[in-house]
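Biologist: Please put the model on the screen, and I will ask about it one piece after another.

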Amino acid sequence: MTQTQKTRNGGCRCDQLRFRLTEPVLFTAACHCRGCQRMSGGAYSLTVAVPGARFAVTEGEPVIGGLHGDDIRHFHCPHCLSWVFTRPTGMDFVNIRTPMLDDPSGFTPFLETCTKDRLEGVTLTAPHSYEAFPPMEEFGDLLAAYAAGPGKAG
């Protein structure tokens, strides 16, 4: 994926909750934590992270589901209850579930997190892999590597 400005739209399963994001994105990821497995019903959840100012809900009003805590909140469609995006508290970015994009092409996972919880037989080709979450001090380098072009930095 090139790091040029491009608008993408997406929505929940029933399409009553719609959103828009504007590229470039910060990073793409796959999370293997048990929470993501349970919420996605799959082996991992896929994420496209964008700065908060590059994300907008364009139709509907999301509701909080999944985690309801002070640190992180998962937002869902109030009708079909699809998990659409996550907002970590105190950080200015939004994690959008990649499959919720109308066109999710071009978003290969750049990093994978919580691999200690990875289900047996699941293998990804993300160039950066962490047993838990990346240490905060590594995020600057990861963001720079992604901006330089996924797959170019290892």
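Biologist: Let me begin with a charged residue: is Arg8 buried or exposed?

Modeller: This is a predicted model, in which local features need pLDDT of at least 70 and side-chain atom pairs count only at pLDDT 80 or more, while totals for chains, interfaces and linings use all residues. Residues are numbered from 1 along each chain as its sequence is written, and side-chain values use heavy atoms, with hydrogens and water left out. Buried means under 20% relative accessible area, exposed over 50%, and partly exposed in between (1.4 Å probe, protein chains only). Arg8 has a relative accessibility of 6%, so the word for Arg8 is buried.

Biologist: Which residue does the side chain of Arg8 meet in a salt bridge?

Modeller: A salt bridge here is a side-chain nitrogen of Lys or Arg within 4 Å of a carboxyl oxygen of Asp or Glu, and for Arg8 the N to O distance is 2.5 Å. The pair links distant parts of the chain, 15 residues apart, with Arg8 in strand β1 and its partner in the loop between β2 and β3. That partner also counts as buried, because its relative accessibility is 1%. The residue that Arg8 meets is Glu23.

Biologist: How many salt bridges does a search of the whole structure find?

Modeller: Side chains of opposite charge can pair when their charged atoms come close. Besides the bridge of Arg8 and Glu23, there is one in which the side chains of Glu112 and Arg118 meet, at 3.2 Å from N to O. The number found in the whole structure is four.

Biologist: Which residue forms a salt bridge with Arg18?

Modeller: The closest N and O atoms of this pair are 2.7 Å apart. The pair links distant parts of the chain, since Arg18 is in strand β2 and its partner lies 84 residues away, in the loop between β9 and β10. Arg18 counts as buried at 13% relative accessibility, and a network of salt bridges links Asp15, Arg18 and Asp102. The partner of Arg18 in the 2.7 Å pair is Asp102.

Biologist: In which strand does Glu112 lie?

Modeller: Glu112 is buried, with a relative accessible area of 4%, whereas Arg118, with which it forms a salt bridge, is partly exposed at 30%. Contact means heavy atoms within 4.5 Å, and, leaving aside neighbours within four places in sequence, the residues in contact with Glu112 include Ala30, His32 and Tyr130. Helices (H or I, at least four residues) and strands (E, at least two) are DSSP runs, numbered from the N terminus. The strand of Glu112 spans residues 111-113 and is β10.

Biologist: Thr113 is in strand β10 as well, so what is its relative accessibility?

Modeller: Not counting residues up to four places away in sequence, Thr113 touches several residues, among them Ala30, Cys31, Phe133 and Pro134. Thr113 counts as buried, and its relative accessibility is 6%.

Biologist: What is the strand order in the open sheet of three strands?

Modeller: Two strands pair if DSSP finds at least two bridges between them, and the pairing in this sheet is antiparallel. The strands β1 (7-11) and β5 (55-59) stand at the edges, each with a single partner strand, so one side of each is left without a neighbour in the sheet. Four bridges join β2 (residues 18-22) to β5, and Arg20 stands opposite Ala56 in β5. The order is therefore β1-β2-β5.

Biologist: How many of the seven residues of strand β4 are buried?

Modeller: Strand β4 (residues 45-51) is joined to β3 (residues 27-31) by five bridges in the antiparallel sense, with Ser45 as the bridge partner of Cys31. Over another five bridges, β4 pairs antiparallel with β9 (residues 93-97), where Thr47 stands opposite Arg97. Strand β4 is mostly covered, and its count of buried residues is five.

Biologist: Finally, what is the radius of gyration of the chain?

Modeller: The chain has two helices and 11 strands. The radius, taken over C-alpha atoms, is compared with the globule rule of 2.2 Å times the number of residues to the power 0.38. For 154 residues that rule gives 15 Å, and the chain comes close to it, so it is as compact as a globular protein of that length, with a radius of gyration of 15 Å.
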